[in-house]
Amino acid sequence: MAKGKDVRISVLLECTACVRNGVNKESTGSSRYITQKNRHNTPNRLELLKFCPYCYKHTIHGEIKK
């Protein structure tokens, strides 16, 4: 008996510093990570401190739509 919706879902995390400031002119994109979250324990958007290779430091990465 399978449940209708999965409890754990995969989400995309994107660097908020790169999005706000615009990515450096020499780089080609923004930093993104894929992770999973529990839908019941964290119903709101996820924010984690991850390393951004374009900013060369640890920045806040926020959840975005797929």
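## Overall fold

The protein has one helix and four strands. Along the sequence these elements follow the order β-α-β-β-β. The model is a predicted one.

The protein has 66 residues, and 26% of them are buried. Its accessible surface comes to about 5,300 Å², and carbon and sulfur atoms account for 51% of that area. Among contacts in the protein with a separation of 6 or more, 51% are between residues 24 or more positions apart.

## Cysteines

The structure holds zero disulfides. For C15, the closest cysteine sulfur is that of C18, at 3.7 Å, which is too far for a bond. C18 is likewise in no disulfide: the nearest cysteine sulfur to its own belongs to C55 and is 3.3 Å away. The cut-off for a disulfide is 2.5 Å between the two sulfur atoms, so the 3.7 Å between the sulfurs of C15 and C18 does not qualify. The 3.3 Å from C18 to C55 does not qualify either.

Two of these cysteines have little accessible area by the figures computed for them. C15 counts as buried at 1% relative accessibility, and C18 is buried with a relative accessible area of 5%.

## Strand β1 and the contact of E14

Strand β1 covers residues 8-15, and E14 is found in this strand. E14 is buried, its relative accessible area being 13%. The side chain of E14 makes a polar contact of 3.3 Å with the side chain of R32. C15, which counts as buried at 1%, also falls in the range of β1, residues 8-15.

## The end of strand β2

Strand β2 runs over residues 32-38 and includes N38. With a relative accessible area of 19%, N38 is buried. The limit for that class is under 20%, so N38 falls within it at 19%. Leaving aside neighbours within four places in sequence, N38 is in contact with V7 and R8.

N38 takes part in two polar contacts through different parts of the residue, side chain and backbone. Its side chain reaches the backbone nitrogen of H40 at 3.0 Å. Its backbone oxygen lies 2.9 Å from a polar atom of the T42 side chain. T42 has its place in the loop between β2 and β3, the latter strand being residues 47-52. At 26% relative accessibility, T42 counts as partly exposed, whereas N38 is buried.

## Aromatic rings

The count of aromatic pairs comes to zero. One ring does have a charge over it: the charged end of K50 sits over the ring of Y33, 4.8 Å from the ring centre. Y33 falls in the range of β2, residues 32-38, and K50 in that of β3, residues 47-52.

## The loop between β3 and β4

Y56 is found in the loop between β3 and β4, where β4 is residues 57-64. Y56 is exposed, with a relative accessible area of 67%.

The backbone of Y56 has a positive phi of about 60 degrees, although the residue is not a glycine. Most residues other than glycine have a negative phi.

How values were computed. Residues numbered from 1 in each chain as written. Predicted model: local features only at pLDDT ≥ 70, side-chain atom pairs only at ≥ 80, totals over all residues. Heavy atoms only, no water. Helix = DSSP H or I, 4+ residues; strand = E, 2+ residues; numbered from the N terminus. Buried < 20%, exposed > 50% of the residue type's maximum accessible area, 1.4 Å probe, protein only. Polar contact = N/O pair within 3.5 Å; in protein donor to acceptor, adjacent residues only side chain to side chain. Contact = heavy atoms within 4.5 Å. Phe/Tyr/Trp six-rings, centres within 6.5 Å; stacked < 30°, edge-to-face > 60°. Lys NZ or Arg CZ within 6 Å of the ring centre and 35° of its normal. Areas by Shrake-Rupley, 256 points an atom, 1.4 Å probe, with all protein chains shown as cover.
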